[in-house]
Amino acid sequence: MSSIQFLVLAFLLIGVGVIFCISGRKLFKPLLSLIGFAFGVMLMQSFLPGIVDNKTTLLIICVIAGIFFAFLTTFIYSFGVFFAGFVSVLIFFNSYGTSFGANEWNIFIKLLVCIAGGFFAYFFQKVVISIITAFLGSYLITLNSWFIFDYFKSNKSITTFSQYYDYFNQVIMNSESSIALIIITILAVAGILAQWKLLPKI
């Protein structure tokens with residue numbers, strides 16, 4: 001793909017993010033497949049880079065795992081809700097973990113906390129679903145807006161999905177991450193309020 005195509009994709013994903021933010025609770029079942037796909041890719045990205053050196057092979061494995069979990073979460077709803085909570089805690093660790101030292105926790109402790117997040121999502125589905133979809137939408141809006149800004153500011157060149165993924169990681173991990181995370185949090189809170197119709201009417 002060319003940089004222009006990724007620019008178009010970024011605009012589309014911002015639109016998807018807005019829909020997630022304001023209507024995610026109503027659209028959760030169709031979104032489960034996307035959440036499952038994201039989990040499969042993240043799982044392989046976490047464990048395989050030290051095992052598989054070839055980037056193309058790694059990408060293929062990630063896509064296959066993503067498709068597998070997409071089908072699994074779509075056809076087994078309870079499993080899907082559980083994993084939506086699991087993945088959300090995992091993303092939370094990756095994004096906010098440095099602020100309270102979670103990055104230094106043992107991998108098994110992180111896993112237990114993620115599992116607890118999955119059970120919490122299962123037992124408090126409506127509330128958790130609105131939180132998950134609002135944060136997912138705010139991520140898409142913020143990170144893709146950041147990419148569009150960089151594209152026009154410095155002619156940012158991205159031609160592969162691995163570069164696209166790496167770029168998002170850099171935004172979250174670099175010196176500007178606090179700004180991005182503040183924007184993500186504000187948009188997510190607004191999304192949650194919108195889903196529960198708690199925003200003040202203008």
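This section describes the fold, selected helix positions, a nonpolar surface patch and the cysteines of a predicted model.

The chain contains eight helices and zero strands. In sequence order the pattern is accordingly written α-α-α-α-α-α-α-α. Of the 202 residues, 39% count as buried. Among contacts in the chain with a separation of 6 or more, 76% are between residues 24 or more positions apart. The accessible surface of the chain is about 11,600 Å², and carbon and sulfur atoms account for 73% of that area.

Two positions in helix H2, which covers residues 28-47, were examined. Gly 36 lies in this helix and is buried, with a relative accessible area of 2%. Its C-alpha atom is 7.6 Å from that of Phe 71, a residue 35 positions away along the chain. When neighbours within four places in sequence are set aside, Gly 36 is in contact with Gly 66, Phe 69, Ala 70 and Thr 73. Leu 43 is also found in H2. The relative accessibility of Leu 43 is 24%, and the residue therefore counts as partly exposed, since the buried class ends at 20%. The C-alpha atoms of Leu 43 and Ala 65 are separated by 8.2 Å, with the two positions 22 residues apart in numbering.

Helix H4 spans residues 77-96 and includes Val 87. At 4% relative accessibility, Val 87 is classed as buried because its value falls under 20%. A separation of 7.9 Å was computed between the C-alpha atoms of Val 87 and Ile 35, which are 52 residues apart along the chain. Apart from neighbours within four places in sequence, Val 87 is in contact with Phe 39 and Met 42.

At the surface, a nonpolar patch of about 800 Å² is formed by Phe 119, Phe 120, Tyr 122, Phe 123, Phe 124, Val 127, Ile 131 and Trp 196. Helices H5 (107-123) and H6 (125-154) are the elements that give two or more residues to this patch. The largest share, four residues, is supplied by H5. Phe 124 is placed in the loop between H5 and H6. This residue is partly exposed, with a relative accessible area of 47%. That value is over the 30% needed for a patch residue, so the accessibility of Phe 124 satisfies this part of the patch criterion.

Tyr 122, another member of the patch, is found in helix H5. Its relative accessible area is 35%, and Tyr 122 is therefore partly exposed, as the value lies between 20% and 50%. The 35% value is also over the 30% cut-off for patch residues. The C-alpha atoms of Tyr 122 and Tyr 77 are 10.0 Å apart, for a sequence separation of 45 residues. Outside the four neighbouring places in sequence, Tyr 122 is in contact with Ser 78 and Val 81.

The geometry of H6 was compared with the span expected for a helix of its length. At 1.5 Å a residue, the 30 residues of H6 should span 44 Å, and the end C-alpha atoms are 43 Å apart, which agrees with the expectation. Just after this helix, Asn 155 takes a positive phi of about 55 degrees.

The cysteines were considered last. A disulfide is a covalent bond between the sulfur atoms of two cysteines. With a cut-off of 2.5 Å between cysteine sulfur atoms, the count comes to zero disulfides. Cys 21 is buried, with a relative accessible area of 5%. Cys 114 is likewise buried, at 2%. Both residues are placed in the buried class because their values are under 20%.

Notes. Residues numbered from 1 in each chain as written. Predicted model: local features only at pLDDT ≥ 70, side-chain atom pairs only at ≥ 80, totals over all residues. Heavy atoms only, no water. Buried < 20%, exposed > 50% of the residue type's maximum accessible area, 1.4 Å probe, protein only. Patch = residues over 30% accessible without salt bridge, like charges linked within 9 Å, V, L, I, M, F, W, Y side chains within 5 Å. Areas by Shrake-Rupley, 256 points an atom, 1.4 Å probe, with all protein chains shown as cover. Salt bridge = Lys/Arg side-chain N within 4 Å of Asp/Glu carboxyl O. Expected span 1.5 Å × (residues − 1). Contact = heavy atoms within 4.5 Å.
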